[in-house]
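Notebook open, coffee poured. Today I'm going through one structure and jotting down whatever I look up.

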Amino acid sequence: MEGMADITIPAELLPADGRFGCGPSKVRNEQLADLLAAASILGTSHRQAPVKTLVGSVRAGFSELFRLPEGYEVVLGNGGSTAFWDIAAAGLINRRSAHLDFGEFGSKFVTSASAPWLDAPHVVQTPGGTRGVLEPVDGVDVYAYPHNETSTGVMAPVRRIGIAPDALTVVDATSAAGGIDLDVAETDVYYFAPQKNFAGDGGLWFALMSPAAIERAYAIGESDRYIPPFLSLTAAIDNSRLNQTLNTPALATLVLLDSQLRWMNESGGLAWAHARTAESSSHLYDWASAHALATPFVADPDHRSQVVVTIDLDDSVDAARVAAVLRANGIVDTEPYRKLGRNQLRIATFVAIDPDDVRQLTRSIDHVLEALAD
Ligand SMILES: *Cc1c(COP(=O)(O)O)cnc(C)c1O
């Protein structure tokens with residue numbers, strides 16, 4: 001067997017860009033050019049017109065991309081999707097939530113929703129690589145599930161559960177948003193962060209909120225419940241309406257995001273993005289299904305994610321070693337989600353990632369698998 005330092009993937013097999021991580025994920029060079037062009041905004045006050053205009057442009061970009069239904073609003077704040085779980089527990093769940101938990105991210109929201117001022121959540125939990133079904137439950141006022149579970153590569157159809165305003169459907173779209181088409185009217189809150197399909201950096205959260213969700217936020221905000229100021233959803237809504245954030249946002253992230261949104265909207269919007277991620281992910285699933293040493297981790301083809309592809313390797317091959325060889329050759333972040341603990345490669349097929357590069361990636365993996373078998 002060769003040492004991994006000895007395995008050199010021939011240049012003609014390499015992707016042009018070797019970033020396949022699930023977040024932070026590939027940022028396109030055109031975005032970086034736009035960042036340089038916007039240099040005069042960096043280092044200026046977020047309370048003045050240039051940054052407010054930028055925030056307004058990002059909000060308008062999301063409205064266009066998601067064909068935002070009448071009355072829905074684009075709300076944003078600092079802290080990423082993880083902050084939004086605590087914001088929802090503080091200001092969106094009235095008494096009790098129900099969750100579909102089929103991986104790490106879904107289960108983290110369950111933890112936040114297990115707050116002492118709420119009734120214990122109803123949870124439908126299934127093992128990694130599968131997903132369950134969430135049915136209406138008496139007394140539940142928020143139904144929550146991830147659109148895409150990034151830790152396992154399982155996606156769920158976006159459908160309303162229960163009837164608003166008594167029941168709100170709250171979807172974690174952190175890794176799905178912008179890469180999978182949907183009808184936003186099937187949700188009350190569709191929330192995400194910029195470092196996945198939107199190719200920005202982490203640190204912000206965005207939520208597309210229905211009128212019922214906004215009404216709920218103000219009802220709880222005006223109730224006796226104590227809400228830590230930083231977690232106030234109504235403060236976020238009030239600020240967002242003015243193209244502001246409660247505290248200072250990362251301006252470079254907003255510029256990168258604005259650039260990516262312009263590219264997506266000009267290229268054909270969400271339908272185009274959906275087709276592009278489907279092309280990349282289908283290639284990977286077809287490759288794995290046909291390969292003697294590889295198998296798609298998610299058994300049910302209907303559950304397989306089109307933005308995060310998980311591929312198990314045969315026990316005769318050490319996936320960690322394959323990922324390390326790829327890394328040594330400039331192809332990075334194909335390691336599996338650490339807590340899943342499988343002999344696996346995990347590959348993002350976000351919109352920014354070129355389908356041609358995904359085809360080169362499988363050529364590169366083929367080369368590494370052959371070299372390791374020698
Ligand atoms: C990445 C991710 C998160 C965490 O996002 P942060 O912005 O880092 O808090 C949450 N949910 C899902 C589905 C994710 O993929």
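**Entry 1: two paired strands.** I began with strand S8 (residues 189-192) and strand S9 (residues 204-209), in what is a predicted model. They run antiparallel, and I find four bridges joining them. I picked out one bridge to look at: tyrosine 191 is partnered with alanine 207 in S9.

**Entry 2: what packs here.** Helix H6 (residues 233-241) packs on the sheet and touches S1 and S9. I noted its direction, which makes about 115° with that of S1. Helix H2 (residues 49-65) is in the picture too, lying across S1, S8 and S9. H2 runs at about 130° to S1.

**Entry 3: the whole sheet.** Next I zoomed out. In what order do the strands of the open sheet come? I read off S1-S9-S8-S7-S4-S2-S3, so to speak a row of seven strands, and the pairing is mixed. Why is one side of S1 and of S3 left without a neighbour? Strand S1 (73-78) and strand S3 (122-125) stand at the edges and have a single partner strand each, so there is no neighbour in the sheet on one side of either. I also looked up the twist: on average, neighbouring strands here are turned by 15° against each other, direction ignored.

**Entry 4: the largest pocket.** On to the empty space. A reminder to myself: rolling a probe the size of a water molecule over the atoms shows where such space is left. The largest pocket comes out at about 490 Å³. I count 26 residues in its lining, and Cys22, Gly23, Phe105, Lys196 and Tyr337 lie nearest the centre. Which elements give two or more residues to this lining? They are helix H3 (80-91) and helix H4 (104-113). H3 gives the most, with four residues.

Sorting the lining of the largest pocket by class, I get eight nonpolar, eleven polar and seven charged residues. I checked the domains as well: domain 1 (18-27 + 269-373) and domain 2 (29-266) each supply at least three residues to this lining.

**Entry 5: the second largest pocket.** The second largest pocket holds about 220 Å³ of space. Among the residues that line it I wrote down Leu100, Tyr145 and Pro157, plus the run Arg131, Gly132, Val133 and Leu134. Arg159, Arg160 and Ile161 are also in the lining, as is Ala156. How does this lining divide by class? My tally says seven nonpolar, one polar and three charged residues.

How values were computed:
Residues are numbered from 1 along each chain as its sequence is written. This is a predicted model: local features need pLDDT of at least 70, side-chain atom pairs count only at pLDDT 80 or more; totals for chains, interfaces and linings use all residues. Side-chain values use heavy atoms; hydrogens and water are left out. Two strands pair if DSSP finds at least two bridges between them. Axes are lines fitted to C-alpha atoms, for helices over the stretch in contact, and angles run from 0 to 180 degrees between N-to-C directions. Contact means heavy atoms within 4.5 Å. On a 1 Å grid over the protein atoms alone, a cavity is a set of points where a 1.4 Å probe fits but cannot get out, and a pocket is an open set with protein on both sides within 12 Å along at least five of seven lines; lining residues have an atom within 4 Å of a point. Grid points are joined across faces, edges and corners, and a volume is the space filled by probe spheres set on the points. Ala, Val, Leu, Ile, Met, Phe, Trp, Tyr, Cys and Pro count as nonpolar, Asp, Glu, Lys and Arg as charged, and the others, Gly among them, as polar. Domain bounds come from an automatic or database domain assignment.
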